[in-house]
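Work through the exercises below with the sequence and the 3D view open. Each task is followed by a solution in steps.

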Amino acid sequence: MHQPVISGTGVFTPSDTITNAELVEAFNAYAEAFNKEHADAIAAGEIEAKAGSSVEFIFKASGIEQRYVMDKKGVLDPAIMHPMLRERVDDEPGIMAEMALDACQKALAQAGVDASDVDLVICAASNHERAYPAIAVEIQKLLGAGGFAFDMNVACSSATFGIQAASDMIRAGSAKKALVVNPEICSGHLEWRDRDCHFIFGDVCTATLIEREAEAAKPLFKIRSTRCATEFSNNIRNNNGFLRRTRTTGQDLDDRRDMQFMQEGRKVFKEVVPMVSAHILAHLEADGLTPEELKRMWLHQANKTMNDFVGRKVLGRVPEPEEQPNILQDYANTSSAGSIIAFSKHQSGLGQGDIGVICSFGAGYSVGSVILERI
């Protein structure tokens with residue numbers, strides 16, 4: 001059995017940013033136009049008027065201050081309110097593969113590894129731009145990597161589930177060097193016209209290089225163990241899919257609200273936070289560790305209040321900022337990539353032998369955790 005280590009990470013960040021103030025201005029212009037257009041129906045009580053958003057509301061609800069997106073213009077146009085991405089022909093790189101290439105090259109450079117030595121690529125993301133061929137195989141080709149590649153989707157836990165799969169293959173000897181890549185264009189499945197969630201998501205891509213410790217030139221962290229869990233829930237759901245045209249109602253190709261991101265936020269908080277806290281504590285115990293030995297938690301970046309609750313529950317006290325770093329104020333919720341952004345950007349201050357945990361959680365419900373030891 002081979003010991004897997006993380007030797008490099010990379011983050012691709014889009015050039016466009018949207019501040020809360022910009023988002024509120026666009027949303028309120030949309031809401032005002034909607035209310036004007038449907039004034040008679042609103043007065044008759046047939047539909048509800050759209051309430052305005054505010055910078056204060058967004059920050060209090062989430063802790064988010066801005067987000068990066070692949071297209072700003074379309075999102076901020078009150079008549080469009082979604083990204084406008086150029087359609088690509090089949091023989092040019094897809095947008096997710098293009099994002100992934102940048103993140104992967106950064107991870108490889110950090111590790112001092114040539115792409116041709118990579119023999120496993122896992123594209124783990126909450127949404128994929130097409131059904132097939134796999135985005136991972138396209139990334140493999142663009143990189144010039146060998147071996148094999150495949151896509152996987154466990155929503156916001158895709159990165160940690162991908163790390164577990166890659167680590168298990170490294171241990172078993174079926175792969176030597178693996179890239180787990182998380183290209184997330186969350187702006188594409190967000191309903192920007194819904195006040196309750198229009199501020200949640202942003203776009204990004206992360207990559208994590210995992211290889212055998214004995215062959216790693218620049219190992220950063222030993223992967224001590226991984227643990228994944230799922231429990232079915234409809235409280236976070238997106239009903240879009242290729243079977244839409246097979247429905248018989250005659251309206252299933254319409255862009256219905258349930259074809260975008262939907263969640264029951266209060267139920268998610270109430271049910272997921274205890275699940276995550278218990279998951280981390282059980283994982284630590286199974287690995288022979290106590291919470292007192294945990295030096296850092298790189299948590300899923302969905303909501304600051306959720307992370308604060310998990311941190312207090314796991315440590316039994318309020319975590320220090322460096323113990324539980326947040327990046328969602330800058331990136332917003334980037335689904336599977338969030339915990340990896342935090343991990344990539346907040347590794348300083350850890351000494352040899354220090355213990356940390358990457359943990360992501362989301363739709364499914366799904367929870368994945370990776371216990372790391374600084375080398």
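**Exercise 1. A strand and its partners**

Which residue in β7 is the bridge partner of isoleucine 6? Place the pairing in its strands; note that the model is predicted.

Step 1. The bridge partner of isoleucine 6 in β7 is isoleucine 210.

Step 2. Strand β7 covers residues 203-212, and β1 pairs with β7 in the antiparallel sense over 8 bridges.

Step 3. Strand β8 (residues 221-230) also runs antiparallel to β1, and 2 bridges join them. Here isoleucine 6 has phenylalanine 221 as its bridge partner.

Step 4. Strand β1 spans residues 4-12, and 9 of its 9 residues are buried.

**Exercise 2. The two sides of a helix**

Find which residues of α1 are buried, and explain how they are arranged around the helix axis.

Step 1. Helix α1 runs over residues 20-37, which is 18 residues. From first C-alpha to last, α1 reaches 26 Å, close to the 26 Å expected at 1.5 Å a residue.

Step 2. The buried residues in α1 are Asn20, Leu23, Val24, Ala26, Phe27, Tyr30, Ala31 and Phe34. Looking down the axis of α1, these buried residues fall within an arc of 170°, so they line one face of the helix.

Step 3. The general rule is that an α-helix has 3.6 residues a turn, so residues three or four places apart point the same way.

Step 4. Glu25, Glu32 and Lys36 are exposed on the other side of α1.

Step 5. The elements that the buried residues of α1 pack against are β2 (16-19), α3 (55-62) and β3 (66-69).

**Exercise 3. Aromatic rings**

How many aromatic pairs does a search of the whole structure find? Describe one of them, then look for charges over rings.

Step 1. The search finds 10 aromatic pairs.

Step 2. Phenylalanine 269 and phenylalanine 309 form an aromatic pair with 6.2 Å centre to centre and 75° between the planes. Planes over 60 degrees apart count as edge-to-face, so this pair is edge-to-face.

Step 3. The pair links distant parts of the chain, 40 residues apart: phenylalanine 269 belongs to helix α7 (residues 265-286) and phenylalanine 309 to helix α8 (residues 304-315).

Step 4. Phenylalanine 269 is partly exposed at 29% relative accessibility, and phenylalanine 309 is partly exposed at 31%.

Step 5. In α1, the buried residues include Phe27, Tyr30 and Phe34; these three form one aromatic cluster.

Step 6. Lysine 50 lies over the face of phenylalanine 34, 4.9 Å from the ring centre. Arginine 195 lies over the face of phenylalanine 57, at 4.0 Å from the ring centre.

**Exercise 4. Buried or exposed?**

Is glycine 288 buried or exposed? Is alanine 342 buried or exposed? Locate both residues.

Step 1. Glycine 288 is in the loop between α7 and β11 (294-299). Its relative accessibility is 58%; exposed means over 50%, so glycine 288 counts as exposed.

Step 2. Glycine 288 and isoleucine 139 are 149 residues apart in sequence, and their C-alpha atoms are 38 Å apart in space.

Step 3. Alanine 342 sits in helix α10 (residues 338-345). With 0% relative accessibility, alanine 342 counts as buried, since buried means under 20%.

Step 4. Beyond its neighbours within four places in sequence, alanine 342 is in contact with Trp298, Gln301, Pro325 and Ile327.

Step 5. Alanine 342 and isoleucine 358 are 16 residues apart in sequence and 9.0 Å apart in space, C-alpha to C-alpha.

Methods: Residues are numbered from 1 along each chain as its sequence is written. This is a predicted model: local features need pLDDT of at least 70, side-chain atom pairs count only at pLDDT 80 or more; totals for chains, interfaces and linings use all residues. Side-chain values use heavy atoms; hydrogens and water are left out. Helices (H or I, at least four residues) and strands (E, at least two) are DSSP runs, numbered from the N terminus. The expected span of a helix is 1.5 Å times one less than its number of residues. Buried means under 20% relative accessible area, exposed over 50%, partly exposed in between (1.4 Å probe, protein chains only). The arc is that of the directions from the helix axis to the C-beta atoms. Contact means heavy atoms within 4.5 Å. Rings of Phe, Tyr and Trp (its six-membered ring) pair if their centres lie within 6.5 Å; planes under 30 degrees apart count as stacked, over 60 as edge-to-face and the rest as tilted. A charge sits over a ring if NZ of Lys or CZ of Arg is within 6 Å of the ring centre and within 35 degrees of the ring normal. Two strands pair if DSSP finds at least two bridges between them.
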